[in-house]
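Reader: Hello! I'd like a close look at one part of this model, please.

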Amino acid sequence: MTTAPTDRAEPIDPDKLRMFTFLVFSKLEGAVTAGMIHLGDRLGLYAELGAIGGFLTSDELAARLGLHPRWVQEWIHNQAAARIVDVRHDADADRYTLGPEAKVVLADENHPAFAMGMFHRLPQTMNSLHVLPESFRTGLGHDYDSHGPDGAVGIERSFEPWSRHHLLATVLPAIDGLPERLAEGARVADIGCGAGGAAIRMASAFPKSQVVGYDISRFALERAADRKSRDSVPNVEFRDPRRDPLPEDASLDLVTAFDCIHDMTHPQEVMGSIRRSLKDDGTWLLVDIKALDTFEETIRKNPMASLMYGISVMSCMSSAMSVSGGAGLGTLGLPESKARRMAAEAGFTRFRRLEIEHSLNAFYEIRP
Ligand SMILES: C[S@@+](CC[C@H](N)C(=O)[O-])C[C@H]1O[C@@H](n2cnc3c(N)ncnc32)[C@H](O)[C@@H]1O
């Protein structure tokens with residue numbers, strides 16, 4: 001029997017109503033300011049503020065970039081109100097600057113803390129809101145190419161800064177003997193390689209090794225191919241595994257997978273394929289989001305949980321559900337315990353979490 005709705009409304013506490021309304025609008029403030037951050041990056045406003053290194057008025061900033069002063073003024077008012085840009089109220093005018101931490105996060109493409117990648121693809125990510133209602137009805141999501149070419153650029157810009165600083169210096173040396181083996185000449189596959197940054201970096205550092213990057217995103221593969229020819233790296237190639245799959249002949253020394261297994265429609269099958277591709281003494285380096293075992297633990301311990309679940313709906317889980325029967329792990333769907341279980345099911349016998357400091361990712365050395 002269903003319960004009929006009653007006419008008697010529950011009493012509303014006016015203070016709680018105010019606080020709850022504030023909570024809801026603070027989410028909209030975040031979304032709108034994120035849009036303004038996208039513009040700051042795209043129009044070069046942060047780069048200019050960062051390059052100047054001192055205070056300047058919004059008119060001066062607009063003039064330096066050839067932008068309309070009234071638009072820049074309104075933008076910078078948003079940024080100062082959101083405490084992203086620092087403001088000094090001088091007698092003759094307000095002047096703005098980026099603090100040293102803001103400068104590296106917003107304006108220094110080479111710094112490991114640079115964070116504009118996710119904002120780069122914000123319009124494409126938000127655009128998915130038009131098609132997601134249908135996904136909720138049918139269950140079918142959308143792969144990375146649904147975010148267009150700029151989606152691939154955003155992913156590249158998100159992962160590059162950290163990879164540039166830490167892949168060769170910290171991550172590969174964390175596995176015993178790996179840099180030496182790569183230096184002697186090894187066969188390597190980077191699964192879910194995106195725009196190829198990690199694959200190209202490994203191929204350049206270890207010219208005797210052969211590296212193949214695999215991805216199903218046409219836009220990412222196009223960027224990877226451009227980058228290979230721009231950087232003139234002969235010992236790297238890029239392939240779409242649907243046409244040209246991983247060799248399942250125990251011929252590879254190293255397989256890497258950076259932040260992509262949770263995006264895949266068939267992660268268990270891919271793990272099986274990785275296992276069969278590896279030599280008996282080969283290594284799978286799995287990097288995935290530092291997820292926790294339960295939802296309760298996640299919302300208690302992860303201050304970014306709501307952001308990550310939202311990104312999952314718009315990007316990661318959507319990709320992992322983009323074909324019928326997709327596993328749908330999503331952004332927080334591959335905690336260590338699950339990675340261990342799945343790796344064992346794929347035929348791996350050794351699993352070790354590496355001690356590498358990263359705010360979002362966990363690193364695992366997995367062996368046959
Ligand atoms: C978050 S991105 C990570 C990209 C890259 N590893 C990096 O660090 O820049 C996830 C990537 O996985 C790719 N992907 C999803 N399913 C895949 C599959 N079955 N095989 C290969 N790549 C896949 C997507 O196209 C996307 O480029």
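How many residues of the shell around the ligand are nonpolar, how many polar and how many charged?

Author: Happy to help! This is a predicted model, in which local features need pLDDT of at least 70, side-chain atom pairs count only at pLDDT 80 or more, and totals for chains, interfaces and linings use all residues. Residues are numbered from 1 along each chain as its sequence is written.

The shell divides into 14 nonpolar, five polar and four charged residues. Here Ala, Val, Leu, Ile, Met, Phe, Trp, Tyr, Cys and Pro count as nonpolar, Asp, Glu, Lys and Arg as charged, and the others, Gly among them, as polar. In total, 23 residues surround the ligand, each with its C-beta atom, placed from the backbone, within 6 Å of it. Phe159, Gly192, Gly194, Ser217 and Cys260 are the closest. Two elements, α9 (148-171) and α11 (197-205), give two or more residues to this shell; helices are DSSP runs (H or I) of at least four residues and strands (E) of at least two, numbered from the N terminus. The largest share, three residues, comes from α9.

As for α11, the chain passes through this helix on its way from β3 to β4, in a right-handed β-α-β crossover; that is, with the strands pointing away from the viewer, the path from the first strand over the helix to the second runs clockwise. Strands β3 (residues 187-191) and β4 run parallel, joined by five bridges, where pairing takes at least two DSSP bridges. Within this pair, alanine 189 stands opposite valine 212 of β4.
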